[in-house]
Every structure is written in C-alpha cells, then in structure tokens.
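The following exercises concern a pocket, its lining and a helix pair. Each task is followed by a worked solution.

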Amino acid sequence: MRQLPGVLVVEDEPAIAELIAVNLRHNGFRPTWAMDGASAQRELDAVLPDVILLDWMLPGESGLSLAKRWRADARTKAVPIIMLTARGDETDRVAGLDAGADDYIVKPFSTKELLARVRAVLRRRAPEQAGGVVKVGALSLDSSTYRVSYNEQLLKLGPTEFKLLHYLMQNAERVHSRSRLLDKVWGDHVFIEERTVDVHVKRLREALGVNAGAMIETVRGAGYRLTAHTAHTAHTAQPVPSTVVIPAPAVVIPDSIRDPVPRQPWIADRSPQ
C-alpha cells in the first residue's frame, strides 16, 4: 500500500491547525501538528515529512528562525517549506523566501489554493526522471540521481533550485521571462508573485558558486538566460596604451622650389653716381 505524503503543520492556533489537518486528510495527505518550534523539532527528529507548513508568529522561536535553521541542517535542507502567516507585506514575503521558504501563503487563505500549493511543492521535490544527463559547458545535471556538478565537483541544490536549473539547462541560450519561468517551474495553476523567481535565481547562483553562477545571466527588461559563453571565457582584447606618441614626419623641400633670399627693397642704393 502506498504511503500517504506527510505534512508537518507548525501552527499555534488550534482552530487553524484543525482546519488545515482536516482538509489535508480528506485529500490524501498525512498531517502532523506541532504548536511551536520545540515540538516541531521533535517531530522532525522522529521522521522527516514531505512538506512543512510553517507559521511565522509562534511562541518561542519564530517560524522565520526555524526556516533558516532547517535550511542550514543537511538532514532537513531538502524538505519543502511553505510559510503560512498573516504577515503579507512585500518585505515580509521577501524575508520569508530569503530564509528558505519555497512558497508563501498569507492568511486568510483558500484551502483549495493551499492544497494546490502543497501538491506543487511535492511535484517540484521529486526530480524529473526523463531527460537523463544534461550538460552545458562544464555544468552537468543528472535528473535520475539528483546530482549537479561543475568541473566534476558536486554541488548541493534545494529542490526548487534543482528544477529551475534543470529547465534553464534544457533550454540554454534562450531568454526566459519571469512569468514563463513561473509557469514552467512552479506551474500555471499556482499563484506566486514574479519576485519569487528573483529570490530563487539568487539562491541558485549562490549554490552554484562564482563561476557556474555566472552562467545565469540577467537580461535587463526580459528575464534570465543560462549560457556557456560567460564573461570568464570571453576573448581578452590587447591593452591599449594610455599615451600614444606619433612622431611628426620630416618635411624635405627640394632645391628646385626653394625661394631665393629676397632682396630688401627698403634699403636705398647709396653707391656713387
């Protein structure tokens, strides 16, 4: 029998937690409730869920702090996190995504939208089996083993960054708008702001490192492009000297056109008559 996907709900309000758990259970998920950071950590230590629904405002350690800690832990780094909070300002959304959240939902929320986003992050978590190994320059991605390497050195990527890189590598040298990346990587049924793409591209560049990260170019006013032709491999022009001295050519006047010494007419002839 297939095991149902596990969802850890970290929420301090029992009514909201119960509403989420009931909807998850009726739609084929296995919810577990934790009301604060300490109990959530105990649940994670016991068994890893497939998705974490994380409230920001919790007693004790905040959800933002928990997201950062779990992203830094090798064991929980790949578990998708959806922030579920009443803090809906743009600065809060950006802070949540920068802390490691894969998605951000503002309360009050639609349970249908919540379920759609949970299903979306589960799809993104599973590596795409089709396609095998994709290579662009020294960058290599193997979707069957979930491995990415640059110059034979393995790199560690989160689930969303892996899928984003996979799509960019499969469509290298093309410019992709933010809205197109949202449709292809996140899905056209998921309602996410375009700023989400910028956050994950930044995170992807940091995970790839300086050289491989430079392969992802920002095309001003258009979007992003992955290319093997980076500035690091560009032809280096010869240096131009700061001062160029051009000697003046010598002017040679032939004897045939030289003027004779002119006679000075204003000197009177004083010779005797």
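**Exercise 1.** Determine which residues lie nearest the centre of the largest pocket, and how the lining is composed.

*Solution.* Step 1: of the 16 residues that line the largest pocket, Arg71, Gly100, Glu161, Arg203 and Glu206 lie nearest its centre. A pocket is here an open set of points on a 1 Å grid over the protein atoms alone, where a 1.4 Å probe fits, with protein on both sides within 12 Å along at least five of seven lines; lining residues have an atom within 4 Å of a point.

The model is predicted: local features need pLDDT of at least 70 and side-chain atom pairs pLDDT 80 or more, while totals for chains, interfaces and linings use all residues. Residues are numbered from 1 along each chain as its sequence is written, and side-chain values use heavy atoms, without hydrogens and water.

Step 2: the lining divides into five nonpolar, two polar and nine charged residues. Step 3: helix α8 gives the most to this lining, with five residues.

**Exercise 2.** Establish whether Glu161 is buried or exposed, and list its contacts.

*Solution.* Step 1: Glu161 is found in helix α6. Step 2: its relative accessible area is 4%, so Glu161 is buried (under 20%; exposed is over 50%, with a 1.4 Å probe and protein chains only). Step 3: beyond neighbours within four places in sequence, Glu161 is in contact (heavy atoms within 4.5 Å) with His200, Arg203 and Leu204.

**Exercise 3.** Classify the crossing of α7 and α8.

*Solution.* Step 1: the axes of α7 (residues 178-186) and α8 (residues 195-208) come within 9 Å and cross at roughly 75°. Step 2: α7 is therefore roughly perpendicular to α8 (65 to 115 degrees).

Definitions and conventions: Axes fitted to C-alpha atoms, helices over the stretch in contact; angles between N-to-C directions. Helix = DSSP H or I, 4+ residues; strand = E, 2+ residues; numbered from the N terminus. Parallel < 35°, antiparallel > 145°, perpendicular 65-115°, else oblique. Nonpolar A, V, L, I, M, F, W, Y, C, P; charged D, E, K, R; others polar.
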